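Colleague: Could you take me through this model and tell me where each label comes from? I would like to see the values set against the cut-offs.

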Amino acid sequence: MAILGAVVLLLASLPWLWTTLAARGHVYAEAEAPVADVVIVLGTAVAADRQRPGERLAGRLETAAELVTSGRAKVVLVSGDGGGTSGDEPAVMTSYLAELGVDPRRVVADPFGLDTYDSCARAREVYGVDRALVVTQSYHLSRAVTLCRHLGLDVDGVTARCDGCGPVLLAEKSVRDYFASGKAAWDAVRGRAPAVRSPADPAVQDALRG
């Protein structure tokens with residue numbers, strides 16, 4: 001019985017192992033981030049007022065702004081749910097980046113990055129991104145890097161700041177991500193199309209030329 005339990009646990013953990021191991025060598029601290037023209041910021045919940053980013057989203061945007069300021073990236077692609085239950089994630093992200101000193105002409109918003117898989121797929125298929133940095137918190141980063149790389153993007157992950165992330169929150173989010181890796185693997189295996197299909201958009205390339 002113990003052996004059967006161990007086998008079941010191993011099989012259940014395979015998606016998480018895939019996302020963890022495939023991201024090895026492609027995850028960096030903010031100060032050690034490599035250079036890329038584009039940095040992708042993945043959306044998450046905005047604050048209760050629906051006008052400001054929540055703590056985790058603010059940390060992602062602050063990290064991305066520092067990457068631009070330090071010359072490690074030129075254009076920010078903010079990808080989130082434009083009709084999310086907490087508010088318009090890309091609009092809030094764009095506004096906050098402007099407050100942080102990022103030139104709005106260097107920010108492109110994708111309102112249909114409904115989940116990590118869609119954000120990666122649309123960055124490549126719609127916005128023509130083939131090389132980028134992707135910014136999110138540590139518990140989410142390996143899954144994001146693995147999915148983007150599986151979908152054909154040459155990405156490196158950068159760990160976002162998370163001033164409000166205490167040990168309880170980090171543990172909770174890590175457990176959630178463990179289970180989310182199963183959906184990530186299933187999406188990857190079946191080659192799921194993004195929930196929203198859009199024509200090619202030259203906004204990122206235009207911003208790079210601007």
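Modeller: Happily; here are the labels, one topic at a time.
This is a predicted model, in which local features need pLDDT of at least 70 and side-chain atom pairs count only at pLDDT 80 or more, while totals for chains, interfaces and linings use all residues. Residues are numbered from 1 along each chain as its sequence is written, and side-chain values use heavy atoms, with hydrogens and water left out.

Colleague: Let us start with the sheet. What is the order of its strands?

Modeller: The order is S1-S6-S5-S2-S3-S4, in an open sheet of 6 strands with parallel pairing. Strands here are DSSP runs of E with at least two residues, helices are runs of H or I with at least four, and both are numbered from the N terminus.

Colleague: What makes S1 and S4 edge strands?

Modeller: Each of them, strand S1 (27-28) and S4, pairs on one side only.

Colleague: How do you know that S5 and S6 pair?

Modeller: Two strands pair if DSSP finds at least two bridges between them. Strand S5 (residues 131-136) and strand S6 (residues 154-159) have 6 bridges, in the parallel sense, so they meet that rule. Among the partners, Thr136 stands opposite Thr159 in S6, and Val135 is matched with Val158 in S6. From S5 the chain goes through H5 to S6, a right-handed β-α-β crossover. Right-handed means that, with the strands pointing away from the viewer, the path from the first strand over the helix to the second runs clockwise.

Colleague: Which strand is joined to S5 by 4 bridges?

Modeller: That is S2, and the two run parallel. Val39 has Leu133 in S5 as its bridge partner.

Colleague: And what do S3, H3 and S4 make together?

Modeller: They make a right-handed β-α-β unit, with helix H3 covering residues 89-99. Strand S3 (residues 75-79) and strand S4 (residues 107-110) pair in the parallel sense over 4 bridges, and Val78 is opposite Ala109 in S4.

Colleague: Is S5 mostly covered or mostly open, and how many of its residues are buried?

Modeller: S5 is mostly covered, with 5 of its 6 residues buried. Buried means under 20% relative accessible area, exposed means over 50%, and partly exposed is in between (1.4 Å probe, protein chains only).

Colleague: Now the cysteines. Why are Cys120 and Cys148 called a disulfide?

Modeller: A disulfide is a covalent bond between the sulfur atoms of two cysteines. The cut-off used is a pair of cysteine sulfur atoms within 2.5 Å. The sulfur atoms of Cys120 and Cys148 are 2.0 Å apart, so the pair qualifies. This pair links distant parts of the chain, 28 residues apart: Cys120 is in helix H4 (residues 116-125) and Cys148 in helix H5 (residues 138-150).

Colleague: Why is the disulfide of Cys120 and Cys148 called left-handed?

Modeller: The torsion about its S-S bond is about -75°, so the disulfide is left-handed.

Colleague: How far apart are the sulfur atoms of Cys162 and Cys165?

Modeller: They are 1.4 Å apart, and Cys162 and Cys165 form a disulfide. Cys162 has a relative accessible area of 19%, so it is buried. Cys165, at 15%, also counts as buried. The structure holds 2 disulfides.

Colleague: Why does Arg50 count as partly exposed?

Modeller: Arg50 has 43% relative accessibility, so it counts as partly exposed. Arg50 lies in the loop between strand S2 (38-42) and helix H2 (55-69). Although not a glycine, Arg50 has a positive phi of about 65°.

Colleague: Last topic, helix packing. Why are H5 and H6 called roughly parallel?

Modeller: Their axes, 8 Å apart, pack at an angle of about 15°. Angles under 35 degrees count as roughly parallel, over 145 as roughly antiparallel, 65 to 115 as roughly perpendicular and the rest as oblique. H5 and H6 are therefore roughly parallel. The axes are lines fitted to C-alpha atoms, for helices over the stretch in contact, with angles from 0 to 180 degrees between N-to-C directions.

Colleague: What makes H2 and H3 oblique?

Modeller: The axes of H2 and H3 come within 10 Å and cross at roughly 50°, and therefore the two helices are oblique to each other.
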